[in-house]
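Reader: Please take one part of this model and go through it closely. I would like the cut-offs stated along with the results.

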Amino acid sequence: MAAKKNISKGEKFLLDSGLYVALPINMQILFTQSERDVLNTIRHLNNIGQTAISFSLLSIYTGLTDKTIKKAVDSLKRLEVIEVLNTCKVGTIYKVNYMVLNNIIVDLNNEFNPIERLRIADRFRGEEHELHSKTIERYSGSELDNKRV
């Protein structure tokens, strides 16, 4: 793995300090910004042992409103990327379904055509929840639709 040898000192500090969550680049086409922010915050809080997570805590970490957080959480649950284990007066205990998350990330990483990646992401999200319909329409059949990136 040559890529690991090229990690800068600044990135290595973050890795060694545990002040991060892994952010595969294809998560950018899979989720909206608010979904990504909420998911990464849940992942981080789970990783540091925070059990119950309130919308207020998610708002503090993400800067998002309760309404936007609820929409993102509902979407992540619909996609089966997270599930609710329990809800109590101090918050909700979320479990990240890494089987679902990792499998779709692998599918996206294994596709070298950038437009096909968008199609895979939209199929995963499901009908009426697509993010890339206009971009796919715009670039279908173009040189980008045949490129290996």
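Author: **A close look at the helices**

G10 is found in helix α2, which covers residues 9-17. Helices (H or I, at least four residues) are DSSP runs, numbered from the N terminus. This is a predicted model, in which local features need pLDDT of at least 70, side-chain atom pairs count only at pLDDT 80 or more, and totals for chains, interfaces and linings use all residues. Residues are numbered from 1 along each chain as its sequence is written, and side-chain values use heavy atoms, with hydrogens and water left out.

G10 counts as partly exposed, at 44% relative accessibility; partly exposed lies between buried, under 20% relative accessible area, and exposed, over 50% (1.4 Å probe, protein chains only). Between the C-alpha atoms of G10 and Y98 there are 27 Å, and the two residues are 88 residues apart along the chain.

S34 belongs to helix α4, residues 33-47. With a relative accessible area of 18%, S34 is buried. Outside its neighbours within four places in sequence, S34 is in contact (heavy atoms within 4.5 Å) with L64, T68 and A72.

Helix α4 also packs against helix α5 (residues 55-62), at an angle of about 110° and with the axes 10 Å apart. Axes are lines fitted to C-alpha atoms, for helices over the stretch in contact, and angles run from 0 to 180 degrees between N-to-C directions. The two helices, α4 and α5, are therefore roughly perpendicular to each other, a term for angles of 65 to 115 degrees. On the α4 side the contact is made by D37, V38, T41, I42, H44 and L45, and on the α5 side by L57, L58, Y61 and T62.

Note on methods. Parallel < 35°, antiparallel > 145°, perpendicular 65-115°, else oblique.
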